[in-house]
Amino acid sequence: MRQKRVLLAEDISCYGKCSTTVALPILSVAGFEVNLLPTAIFSAHTGISTDIAFLDFSGGMKGIIDSWETMDISYDAVLIGYSFGKRQLELLTKFLEMKKPKIVILDPAMAENGKLYSKLPEDYPVAMKELIKHCDYLTPNITEAFMLAEKPYHEGPYDRTDIVEILLRIYGTYRKKVIITGIEAKDNKLMVMAIDDCGDIYTYETDKVSRNYSGAGDVYAALLLDGLLKDRGFETSVKEAMELTSRAVMLSQAGNYEELYFEGILKDI
């Protein structure tokens, strides 16, 4: 009997906690075999510095995928995070067409604070549409949700009705399960809102802390995948991922950590 096998396709930050360096340990502690498909390598994530070295790993991705075609490798799930440019979206789309994994989560890591990441082209959200067709779950932050819904961005705090409109717009376009994370709500709360494949909407709130931690969305996506692969169901997986992510953030603030102290929740996975 083999472990369930997960492919993690996203960038690597050599310094700082986000993307691969948080998702991989979470999924490993959860009991899964994790394979890597790096999309880019950063000297540090942009929450630490804007003066960073960057390597586009598109050529390496193609070489890895070509090599894997000669091997009998199947995947129970794929978690896709930051991808650099249209070529990588095409590579990932072809890979999913070939492997047909049971679960595909796309964290469309492309924007925050109302703006696309600096290295991505302006039409990147449109170029992502073909890849989305092959995914089962989307976990955008609020900026990315506005972009996927093709709605003008505006800052929060947001009313629940604002987000319901965005959820329904994305769901109507793609017919995927959508979980919007990091929604600034009123009364100093953060919300996660989700829509399932029946169109039912779920809302969960947690207390907002005084600082933002890079990598929280990556932690959430990995925890969501853990719940789904262990058959806890969509609603439970969405809620429990939010609760554990929130706990990691609270521990980080309580300990005055510079980076997200996700290690503090590993024992609870």
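**Exercise 1. Cysteines**

Task: In this predicted model, determine how many disulfides there are and why C18 does not form a bond.

Solution. Start with C18. The closest cysteine sulfur to that of C18 belongs to C14 and is 10 Å away, which is too far for a bond. A disulfide requires the two sulfur atoms to be within 2.5 Å. Next take C198. Its closest cysteine sulfur is that of C135, at 20 Å, again too far for a bond. The count for the model is 0 disulfides. The surroundings of C18 and C198 can be added: C18 is buried, at 7% relative accessibility, whereas C198 is exposed, at 63%.

**Exercise 2. Aromatic pairs around F146**

Task: Classify the geometry of the pair F146 and Y153, then that of the pair F146 and Y158.

Solution. A pair of aromatic rings is described by the distance of the centres and the angle of the planes. The model holds 12 aromatic pairs. In one of them, F146 and Y153, the ring centres are 5.4 Å apart and the planes meet at 80°, so the pair is edge-to-face; the cut-off for that class is over 60 degrees. F146 is buried at a relative accessible area of 5%, and Y153 is partly exposed at 33%.

For F146 and Y158, the centres are 6.0 Å apart and the planes are at 40°, which makes the pair tilted. This pair connects distant parts of the chain: F146 sits in helix 6 (residues 142–148) and Y158, 12 residues away, in the loop between helix 6 and helix 7 (160–174). F146 and Y158 are both buried.

Elsewhere, ring pairs join F42, F54, Y82, F84 and Y117 into a cluster.

**Exercise 3. The loop between helix 6 and helix 7**

Task: State which peptide bond is cis and what the phi of E150 is.

Solution. The cis peptide bond runs from G156 to P157, with omega near 10°. P157 is located in the loop between helix 6 and helix 7. E150 lies in the loop between helix 6 and helix 7 too, and its phi is near 55°, a positive value in a residue other than glycine.

**Exercise 4. Helix 7**

Task: Check the length of helix 7 and find where its buried residues fall around the axis.

Solution. Begin with the length. Helix 7 has 15 residues, so at 1.5 Å a residue it should span 21 Å; the end C-alpha atoms are 21 Å apart, in agreement. Next list the buried residues: I163, V164, I166, L167, I170, Y171 and Y174. Viewed down the helix axis, the buried residues of helix 7 lie within an arc of 165°, so they line one face of the helix. The elements covering these buried residues include helix 5 (129–132), strand 10 (137–138), helix 6, strand 11 (177–185), strand 12 (189–195) and strand 13 (201–207). Just after helix 7, R175 has a positive phi of about 55°.

**Exercise 5. Helix 8**

Task: Compare the expected and actual span of helix 8, and state how many of its residues are buried.

Solution. Helix 8 (residues 216–229) contains 14 residues, so the expected span at 1.5 Å a residue is 20 Å; the end C-alpha atoms are 20 Å apart, which agrees. Of the 14 residues of helix 8, 13 are buried, so that the helix is mostly covered. Just after helix 8, D231 takes a positive phi of about 60°.

**Exercise 6. Two buried helix residues**

Task: Locate L91 and S252, and list their contacts outside the four neighbouring places in sequence.

Solution. L91 is in helix 3 (residues 85–99) and is buried, at a relative accessible area of 14%. Beyond four places in sequence, L91 contacts S58, M61, K62 and I65. For L91 and S58, the sequence separation is 33 residues and the C-alpha to C-alpha distance is 8.6 Å.

S252 is in helix 9 (residues 234–254) and is buried, at 0% relative accessibility. With the same exclusion of neighbours within four places, the contacts of S252 are Y213, Y257, E259, L260 and Y261. In the segment after helix 9 comes N256, which has a positive phi of about 55° although it is not a glycine. N256 is exposed, with a relative accessible area of 62%.

**Exercise 7. The annotated span**

Task: State what UniProt places at residues 71–250 and give the helix and strand content of that span.

Solution. The unreviewed UniProt entry places the feature "domain: Pyridoxamine kinase/Phosphomethylpyrimidine kinase" at residues 71–250. In the model, this span is 42% helix and 21% strand, and its end C-alpha atoms lie 43 Å apart.

Note on methods: Residues are numbered from 1 along each chain as its sequence is written. This is a predicted model: local features need pLDDT of at least 70, side-chain atom pairs count only at pLDDT 80 or more; totals for chains, interfaces and linings use all residues. Side-chain values use heavy atoms; hydrogens and water are left out. Helices (H or I, at least four residues) and strands (E, at least two) are DSSP runs, numbered from the N terminus. Buried means under 20% relative accessible area, exposed over 50%, partly exposed in between (1.4 Å probe, protein chains only). Contact means heavy atoms within 4.5 Å. Rings of Phe, Tyr and Trp (its six-membered ring) pair if their centres lie within 6.5 Å; planes under 30 degrees apart count as stacked, over 60 as edge-to-face and the rest as tilted. The expected span of a helix is 1.5 Å times one less than its number of residues. The arc is that of the directions from the helix axis to the C-beta atoms. UniProt positions are given in the numbering used here, feature names are shortened, and annotations may be inferred rather than shown by experiment.
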